[in-house]
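These are my notebook entries from one session with a single chain. I set down what I looked up, in the order in which I looked it up.

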Amino acid sequence: MKKKSSNSSVSYDPVVLSENASINFTRVSNANGTTVYGKIVKDGAEVGNVAYDSRGGYMNTSLKPFAALTQEEVSAVYATVPGCINEILSEE
């Protein structure tokens, strides 16, 4: 029998941005490509997200509410995310 589709989902340990903030990444791979989702959490509340899609060739990062993060945490998000995406994609 020929396989019609196959999905694979992998969750990663949180990436620490500060004592109170982290990013939780999940990679989903299927016949259409790879998508990486990241949920940015501070003090138990979602304060942003990351989305990468190989098929569309894009990566978005959204911080909301922006004021919930310190300047150091914002800088850590933008300094950390590209490396995390590359590391996750290199595991395929």
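Entry 1: contacts of one residue. I count two residues as in contact when they have heavy atoms within 4.5 Å of each other. I also note at the outset that the model is predicted. With that cut-off, I asked which residues K39 is in contact with, leaving aside its neighbours within four places in sequence. I found S22, I23, N24, E46 and G48. I then located K39 itself, which is found in strand β4. I looked up its relative accessible area, which is 40%, so I recorded K39 as partly exposed. I also checked a distance: the C-alpha atoms of K39 and T61 are separated by 9.8 Å, and the two residues are 22 apart along the chain.

Entry 2: the partners of β4. I looked next at the strands that pair with β4. β3 and β4 pair in the antiparallel sense, over 10 bridges. I noted a hairpin here, with two residues between β3 and β4. As an example of a bridge, I recorded S29, whose partner in β4 is T34. On to β5: eight bridges join it to β4, and the two strands run antiparallel. K39 appears again in this pairing, where it stands opposite N49 in β5. β4 and β5 also form a hairpin with two residues between them, and I noted that D43 in the turn has a positive phi of about 50 degrees.

Entry 3: from β5 to β6. I followed the chain onward and found β5 and β6 paired in the antiparallel sense over six bridges. D53 stands opposite Y58 in β6. How many residues lie between the strands in the hairpin of β5 and β6? I counted four, and G57 takes a positive phi near 70 degrees in this hairpin.

Entry 4: the other partners of β3. I returned to β3 and looked at its pairing with strand β1, residues 8-11. Four bridges join β1 to β3, and the strands run antiparallel. S8 stands opposite S29 in β3, and I had already met S29 as the bridge partner of T34 in β4. I then turned to β2, which pairs with β3 in the antiparallel sense over two bridges. In this pairing V15 stands opposite I23 in β3. A hairpin of four residues joins β2 to β3.

Entry 5: the helix. I looked up the dimensions of α1, which has 20 residues. From its first C-alpha to its last it reaches 30 Å, close to the 28 Å expected at 1.5 Å a residue. I found a bend of about 30 degrees at T80, and a proline, P82, follows within four residues. Which residues of α1 are buried? I listed E73, V74, A76, V77, V81, C84, I85 and I88. I then asked what covers these buried residues, and the answer includes β2, β3, β4, β5 and β6.

Entry 6: charged pairs. I reminded myself of a general point before searching: side chains of opposite charge can pair when their charged atoms come close. How many salt bridges are there? I found two.

K42 forms a salt bridge with E73, and their closest N and O atoms are 2.9 Å apart. K42 lies in strand β4 and E73 in helix α1, so this pair ties together parts that are 31 residues apart in sequence. I checked burial too, and both K42 and E73 are buried.

The side chains of E91 and R27 meet in the other salt bridge, at 3.7 Å from N to O. This pair links distant parts of the chain, with E91 in the segment after α1 and R27 in strand β3, 64 residues apart. Are E91 and R27 buried or exposed? E91 has a relative accessible area of 43%, so I entered it as partly exposed. R27 has 8% relative accessibility, and it counts as buried because the cut-off is under 20%. I made one further note on R27: a polar atom of its side chain lies 3.4 Å from the backbone oxygen of I88. I88 is among the buried residues of α1.

Conventions:
Residues numbered from 1 in each chain as written. Predicted model: local features only at pLDDT ≥ 70, side-chain atom pairs only at ≥ 80, totals over all residues. Heavy atoms only, no water. Salt bridge = Lys/Arg side-chain N within 4 Å of Asp/Glu carboxyl O. Buried < 20%, exposed > 50% of the residue type's maximum accessible area, 1.4 Å probe, protein only. Expected span 1.5 Å × (residues − 1). Bend = angle between axes of the 7 residues up to and from the residue. Pairing = 2+ DSSP bridges. Polar contact = N/O pair within 3.5 Å; in protein donor to acceptor, adjacent residues only side chain to side chain.
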